[in-house]
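Q: Please take a close look at salt bridging in this model. Start with one charged side chain, and then work outwards into its surroundings.

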Amino acid sequence: HKFGKTRDTSVARIRLRRYRSPVFRSFFWGRKLFVPKSTVAQDAAYKPSMFNIFTVKEDGCLIAANTLTGSTISTPPSSSDKLRKLLESDTIELSQIDDLEIGDLARAGFFVKSDRDEKKAALFLKNNINSRADHYQLILMPTEQCNFRCVYCYEDFVKGAMTDETKEALKKHVSSVVGKLSSLAIDWFGGEPLSAFDNVISDLAPYFQREASSNNCKFSSHITTNAYELTLDRSRQHINWGVNGFQITVDGQEEDHNQRRKLHKGSSGTFQTIIKNIDDLLSVRELFRVLIRINYDHESLARVPEFVAELLKRFGGDPRVSLDFCPIWGDEEEATVSIPMGRDRQRTLVPLFEVAAQRGFGVGASDWFSPNGMVCYAARANSFVVRSNGQLNKCTVALDTDYNHVGVTNARSHSIRTTIM
């Protein structure tokens, strides 16, 4: 499911990925990158792309990625030195190379015509993705209250459930713009969004789905939840309302998780309930994705690979499940757990992705190499956060920072008014 086409050759195993919009992780599939063979001129001068990155592993295999096209390649040791020299050269003549697979590398973007302005192409792609007028993403906070008190959380839980005025403004706003869109993405965030399931999500989610459907607009939805209140019935309802992505945090083995992700009221652990709810969610035989997010610190890091093995036994046979890892971050003086800082983040993060991938799990790291894959949603002109009190933000982290306040919902006209559009 990760790659659009695979070719095994003597020079390289070339994986040509379909373009995936990073606006909404893993859910939108677009045009195919593989182009007809006739587009590669055998008598033209080519140069390595400025967007190539590659490394030679200890076993001699070369792994390379092109961050403009999102293509990746892996070569056996017998071909690595030859390809490395080509990638490091100034120009090459394809007609002077016997291996036809080099043409495939050119079609995948690793080699481009010498007169190609790649910076211009990258700028065009960036503007096309980040400023698309036909796509719209709303990240909604139905409540900023939470039933958990995680030891590393940055939120203050002051604001309650979304007001009726804000809900009506959102409905009116979506109705006014959906006819101009080709795709609409709704993210549920919080607080804990399921704490406002009955009075907010159950009202807005089906409304947005109906509006998109009646206007022939592609609809996608995602929820970030601790899953403690994600019952089987609620899972089915979300899926019926078009939710096709669930991000659920489980911070390692039961003891590690329960120490870090605690209930606000009550002393019982949360691990077993969440695992059961994931089991119930996956019992629904529909197409959706479950991303299990594992936050870790220096203390729990050594036990994460063992936890991945446990997840493999439980969920490894389900292709809808993928893993993501994140070192706990924040103010080192205020956090109550240790934090991998600086280069430690990469030193600890990358091996965990490798552990998960070796066990057959999909991992979020592949998005790093897709076009604009590391661009934050806050940097996109077509993405807004709507807080429970109707305030508009761009970022879900720096919630109360002045520069992150970009507008309000208009209760009188039932619309959204921004200061940046």
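**Around one arginine**

A: Arg303 counts as partly exposed, because its relative accessible area is 30%, a value between the 20% cut-off for buried and the 50% cut-off for exposed. Please keep in mind that this is a predicted model. The side chain of Arg303 meets that of Asp256 in a salt bridge, with N and O 2.8 Å apart. Arg303 sits in the loop between β13 (289-296) and α9 (304-315), while Asp256 belongs to helix α7 (residues 254-260), so this pair ties together parts that are 47 residues apart in sequence. Unlike its partly exposed partner Arg303, Asp256 is buried, because its relative accessible area is 5%.

Staying with helix α7, we come to a second pair. Arg260 and Glu299 form a salt bridge through their side chains, at 3.9 Å from N to O. This pair also links distant parts of the chain, with Arg260 in helix α7 and Glu299 in the loop between β13 and α9, 39 residues apart. Here the arginine is the buried member: Arg260 has a relative accessible area of 2% and therefore counts as buried, whereas Glu299, at 49%, counts as partly exposed. In the Arg303 pair, by contrast, the buried member is Asp256, at 5%.

The general idea behind such pairs is that side chains of opposite charge can pair when their charged atoms come close.

These pairs belong to a wider set, as the whole structure holds 20 salt bridges. Among them is Arg320 with Asp318, whose closest N and O atoms are 2.7 Å apart; both Arg320 and Asp318 are buried. Elsewhere, Asp164, Lys167, Glu168, Lys171 and Asp203 are linked in a network of salt bridges.

It is also worth meeting a neighbour of this region. Thr249 lies in strand β12 (residues 243-249) and is buried, because its relative accessibility is 9%. Beyond its neighbours within four places in sequence, Thr249 is in contact with residues including His257, Arg261, Arg293 and Asn295. Of the elements we have just visited, helix α7 spans residues 254-260, and His257 falls within that span.

For comparison, here is another arginine in another loop. Arg387 lies in the loop between β16 and β17 and is buried, because its relative accessible area is 1%. The side chain of Arg387 makes a polar contact with the side chain of Asp400 at 3.1 Å, and a polar atom of the Arg387 side chain lies 3.0 Å from the backbone oxygen of Leu399. Leaving out residues up to four places away in sequence, Arg387 touches several others, including Met141, Glu144, Lys159 and His405. The strands on either side of this loop, β16 and β17 (residues 391-393), run antiparallel and are joined by two bridges, with Val386 opposite Leu392. Their hairpin has four residues between the strands, and Gly390 takes a positive phi near 90° there. Strand β16 (residues 383-386) is covered on both faces: Ser383 and Val385 are buried on one side, and Phe384 and Val386 on the other.

Finally, the setting for all this: the protein chain has 10 helices and 19 strands, and 53% of its 421 residues count as buried. Among contacts between residues at least 6 apart in sequence, 69% join residues at least 24 apart, and the Arg303 and Asp256 pair, 47 residues apart, gives a worked example of such a separation.

Notes:
Residues are numbered from 1 along each chain as its sequence is written. This is a predicted model: local features need pLDDT of at least 70, side-chain atom pairs count only at pLDDT 80 or more; totals for chains, interfaces and linings use all residues. Side-chain values use heavy atoms; hydrogens and water are left out. Buried means under 20% relative accessible area, exposed over 50%, partly exposed in between (1.4 Å probe, protein chains only). Contact means heavy atoms within 4.5 Å. Two strands pair if DSSP finds at least two bridges between them. A polar contact is a pair of N or O atoms within 3.5 Å; within protein, one must be able to donate a hydrogen and the other to accept it, and residues adjacent in sequence count only if both atoms are side-chain atoms. A salt bridge is a side-chain nitrogen of Lys or Arg within 4 Å of a carboxyl oxygen of Asp or Glu.
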